[in-house]
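Take a look at the structure below. Keep it open while you read.

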Amino acid sequence: MPLPRLRPAAGLLLIPLLAGCFASSGDSSASGSSGSGDGGRLRVALAFQPTENYSPYGADAYALSRLGVAEGLTRLDANGAAAPALAASWTSEEDGTAWVFTLREAKFQDGTDVTAEAVAEALTRATQAEPAPSVLTGVKLTAKAVSDDQVQVTTGAADPVLPLRLTNPSLSVFSPKAYGDDGKVSPVGTATGPFELTGTTGDTAATLDRFDDYWGGRAQASGIDAKFVSDGTARANALRTGDVDIAESIPVAQVASLDEGTAHEVNTVRNTSLHLNTQSGVFKDARLRAAAREAIDASAVAEGVYEGYAEPAEGLYGSALSWASGKRVAPTGRAKAGDTVGKSITLATYSDRAELPEAAQVLQQQLEKAGFDVELEVRTYARLESDLLAKEFDAAVVSRNMLLDTGDPVTVLASDYACDGSYNLSFLCDRTVDKLIDTAEAQADPAKRQDAAMKAEAAVLGTDAVIPLVHLKVVTGTGTAVKGTALDPYERTLVSTGTRR
């Protein structure tokens, strides 16, 4: 006989990261259950076009998460801790190499039950994806059903943040019919969230309908019509003219033009940084990386470009993380600046975040003043990414959510700065950095993990492979009739069951 399904319980792994909580643009139900009202369809403008046909194993997973389509066993709560989602509770076994997750009663959008077998298959498929989701970098994960409503997830080595890892949208759970023999995943009508993806128009638009059998309660909006609009000014104009109800990532230059009460800001864990290519070209020389660092004035970017919606970076971890400033370690071992005269570099960035090209122009001027000859390359992110990862540029201005993969401060260090990191835009491979990241990853105690992360941060900054510029606030635009937009510092949620108009 199947065991009774458990109802929501408190998460068992608590790692407080942020002071404060998710904000709602005028309604307390932003992340709560819906009421009996039946709101109209929401019109939403997202900043980043899908580049992988809505595959959950890459960046498109975050669009599925933000639109309320897909979810996993756990989610991030307001304090950055792992909280129940499809799993109601979990326990650690076998010295931290195994965890058992007990499922709640839930249905897939195709009408079938969420079972332990289905969850285990979904997680197994994620481990087999090519390329593997970045959240699984360095992790040997296996999953199996141990009862009708319990899944055991094991890792090759103890993983103290596994419940946090499973919050990643790339580890969302889909019904068995979603998975093709070719390794592709169709999220259309196969996820578990409050909104069901019903159709797409290439990389420009998507249609979603309310999923009435959602375990968390019936959404108040009847559906969502999403547009992918990479131009920030166009998103702001669409909100101003009433063509959309919600527009994410409003450029700071457009905020003043919006109607009163429609711009909502939230401190985030997102940085803008200058990454220097340590493997080829000019910045293979640590002395020239040091020269670039000395040339950069981050306050000019914060004040001149972001107009008060950012602050000069203190490091990789900003003030939105209340613990970071008290634990910061000063970088050591930096090289002395070398001669920049006649050194030509190509500086790249993308236009999807409207401030980045302007920030890059400021850096171009500062670097040229220091003696570099700088060519600026600006594209959309979809057109830039492949060359960015192929070492085609000497430097890149990039916006990065520092807790994107898991909500854990160590995970992004491994993906962005370790030798085998999956998103290592500086192509850094430093033995000392890798050792410190490994040490941090092994820490189970939250405070000790934070301490170890800050030591690794100092080592990364000591290489001058990355120059942090600013810590960001993000502005979301909402129409005056919209209630319950989720202003998420982790940028994983935009609409919820309580979002309506």
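This briefing covers confidence, one sheet, one hairpin and one pair of helices.

The model is predicted. Its mean pLDDT is 90, and 93% of the residues reach 70 or more. Two stretches fall under 50: residues 1-22 and residues 26-36.

**Confidence**

- Over residues 1-22, pLDDT stays under 50, and the model has 81 contacts beyond four places in sequence for this stretch.
- Over residues 26-36, pLDDT also stays under 50, and here the model has 24 contacts beyond four places in sequence.

**The four-stranded sheet**

- Strands of a sheet pair through backbone hydrogen bonds, either parallel or antiparallel.
- In this open sheet of 4 strands, the pairing is antiparallel and the order is β5-β6-β8-β7.
- Which strands stand at the edges? They are β5 (87-93) and β7 (141-147). Each has a single partner strand, so one side of each is left without a neighbour in the sheet.
- Neighbouring strands of this sheet are turned against each other by 25° on average, direction ignored.
- The edge strand β7 is joined to β8 (residues 150-155) by 6 bridges, and the two run antiparallel.
- One bridge to find by eye links K144 to its partner Q152 in β8.
- Helix α2 (residues 116-128) lies across three strands: β6 (98-103), β7 and β8. The helix runs at about 175° to β7.

**The hairpin of β9 and β10**

- Strand β9 (residues 195-201) runs antiparallel to strand β10 (residues 205-210), and 6 bridges join them.
- F195 has R210 in β10 as its bridge partner.
- The hairpin has 3 residues between its strands. Here G202 takes a positive phi near 55°.

**The helix pair α11 and α12**

- Two packed helices are described by the angle between their axes and the distance between the axes.
- For helix α11 (residues 431-441) and helix α12 (residues 446-462), the axes come within 8 Å and cross at roughly 170°.
- That angle makes α11 roughly antiparallel to α12, because angles over 145 degrees count as such.
- The crossing of α11 past α12 is left-handed.
- Which residues of α11 meet α12? They are V433, L436, I437, A440 and E441.
- On the α12 side, the residues met are R449, A452, A453, K455, A456, A459 and V460.
- By class, this contact of α11 with α12 has 9 nonpolar residues, 3 charged residues and no polar ones.

Note on methods:
Residues are numbered from 1 along each chain as its sequence is written. This is a predicted model: local features need pLDDT of at least 70, side-chain atom pairs count only at pLDDT 80 or more; totals for chains, interfaces and linings use all residues. Side-chain values use heavy atoms; hydrogens and water are left out. pLDDT is the predictor's confidence in each residue, from 0 to 100. Contact means heavy atoms within 4.5 Å. Two strands pair if DSSP finds at least two bridges between them. Axes are lines fitted to C-alpha atoms, for helices over the stretch in contact, and angles run from 0 to 180 degrees between N-to-C directions. Angles under 35 degrees count as roughly parallel, over 145 as roughly antiparallel, 65 to 115 as roughly perpendicular and the rest as oblique. A crossing is left-handed if the near helix is turned anticlockwise from the far one by less than a right angle, and right-handed if clockwise. Ala, Val, Leu, Ile, Met, Phe, Trp, Tyr, Cys and Pro count as nonpolar, Asp, Glu, Lys and Arg as charged, and the others, Gly among them, as polar.
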